[in-house]
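Q: Please take a close look at one residue of this model, and describe what surrounds it. Then set that residue in context by going through the helix packing, the nonpolar cores and the backbone of the loops.

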Amino acid sequence: MCDARLFAPQFAAFSGARTVIAAPISAFQTMRELAADVLNSLPARFALAGLSMGGIVAMEMVRQSPERVAGLALLDTNPLAESDAVKARRGPQIEAVKSGNLRQVMREEMKPNYLTDGPNQGAILDICMAMAADLGDEVFINQSKALMTRPDQSETLKSFAKPALSLCGEDDTLCPVSRHELMRDLLPDSDLEIVRNAGHLPTLEQPEATNAALSRWLERL
């Protein structure tokens, strides 16, 4: 439930020298369709970065068109299929959203403990709620169903031999450091970057450290 505002500091840092594109991932209910839709909107070759669900879509894009991806940055994400425990929570959430309770569901899901403690926590949570409200009920339902049925992408990562980055906030409880160590180990040419004083959204929580890591990755392409 995020849009380009998730990457506002990265647009500010990189758009002066590079073409930076933020693609919506909202119109379909499977990862396969979401990835194909993004691929249809992009140049023939590009560097690809995704955070959380965006990282899951990015891995499916690599599976579909690895020759088009010059490098891959996976931020605060998960290469594995969704666990049964998480799947079981999605049905009631979808029904609650259908009943008009999107804000309540988002308040419960985007808990402050998804972000590390810090002076900007409240402002970042406000941005998260604004993005979710603007995207609306249908996008929540589409994205929830796509996450429920996503495939394991371990083999996709094993076969991607171009420069890659596995990055996460040190305090991320949703996609912890262990997941990023796994992705680092799966990817043949990958660096691991752990961002201190950040949780699940280091692009907003610690933009300077995140931008520095992205710069190092881009220099390797």
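A: Leaving aside its neighbours within four places in sequence, Gln 10 is in contact with Ser 15, Thr 203, Pro 207, Thr 210, Asn 211 and Leu 214. The model in which these contacts are found is a predicted one. Gln 10 itself belongs to helix H1, which covers residues 8-14, and with a relative accessible area of 5% it counts as buried, because the limit for that term is under 20%. Among the contacts, the one with Asn 211 can be described more closely: the side chains of Gln 10 and Asn 211 make a polar contact at 2.8 Å.

A second buried residue to set beside Gln 10 is Leu 102, whose relative accessible area is 8%. Leu 102 is placed in helix H5 and, when residues up to four places away in sequence are not counted, it touches Met 1, Val 97, Ala 132, Gly 136, Asp 137 and Phe 140. Its contact with Val 97 leads on to the packing of two helices, for Gln 93, Ala 96 and Val 97 in H4 meet Leu 102, Val 105 and Glu 109 in H5. By kind, the residues of this contact divide into four nonpolar, one polar and one charged. The axes of H4 (residues 84-98) and H5 (residues 102-109) come within 7 Å and cross at roughly 145°.

Another helix pair is formed by H2 (residues 31-40) and H3 (residues 53-64), which pack at an angle of about 75° with their axes 8 Å apart. That angle makes H2 roughly perpendicular to H3. On the H2 side the contact is made by Met 31, Arg 32, Leu 34, Ala 35, Ala 36, Val 38 and Leu 39, and on the H3 side by Met 53, Ile 56, Val 57, Glu 60, Met 61 and Gln 64. Of the residues in this contact, 10 are nonpolar, one is polar and two are charged.

Met 31 and Met 61 appear again in the largest nonpolar core, where, of its 27 residues, Met 31, Leu 48, Met 61, Leu 72, Leu 74 and Leu 157 touch the most other members. Two or more residues of this core come from each of H2, strand S1 (46-51), H3, strand S2 (69-75), helix H7 (137-148) and helix H9 (177-186), and H3 gives the most, with seven residues. Such a grouping can be read against a general tendency: in soluble globular proteins, nonpolar side chains tend to be buried together. Leu 48 illustrates the surroundings of one core member, since, not counting residues up to four places away in sequence, it touches Ala 58, Met 61, Val 62, Val 69, Gly 71, Leu 72, Ala 73 and Trp 217. A second, separate core of 20 residues includes Ala 73, Leu 125, Val 195 and Leu 201. As for the spacing between Leu 102 and Met 61, these residues are 41 apart in sequence and 29 Å apart in space, C-alpha to C-alpha.

The backbone of two loops also deserves a note. Most residues other than glycine have a negative phi. Ser 52, which is not a glycine, nevertheless has a positive phi of about 60°, and Ser 52 lies in the loop between S1 and H3. Asn 197, likewise not a glycine, has a positive phi of about 55°, and its place is the loop between strand S4 (190-195) and helix H10 (202-205).

Technical notes
Residues numbered from 1 in each chain as written. Predicted model: local features only at pLDDT ≥ 70, side-chain atom pairs only at ≥ 80, totals over all residues. Heavy atoms only, no water. Axes fitted to C-alpha atoms, helices over the stretch in contact; angles between N-to-C directions. Helix = DSSP H or I, 4+ residues; strand = E, 2+ residues; numbered from the N terminus. Parallel < 35°, antiparallel > 145°, perpendicular 65-115°, else oblique. Contact = heavy atoms within 4.5 Å. Nonpolar A, V, L, I, M, F, W, Y, C, P; charged D, E, K, R; others polar. Buried < 20%, exposed > 50% of the residue type's maximum accessible area, 1.4 Å probe, protein only. Polar contact = N/O pair within 3.5 Å; in protein donor to acceptor, adjacent residues only side chain to side chain. Core = buried A, V, L, I, M, F, W, Y, C linked by side-chain atoms within 4.5 Å.
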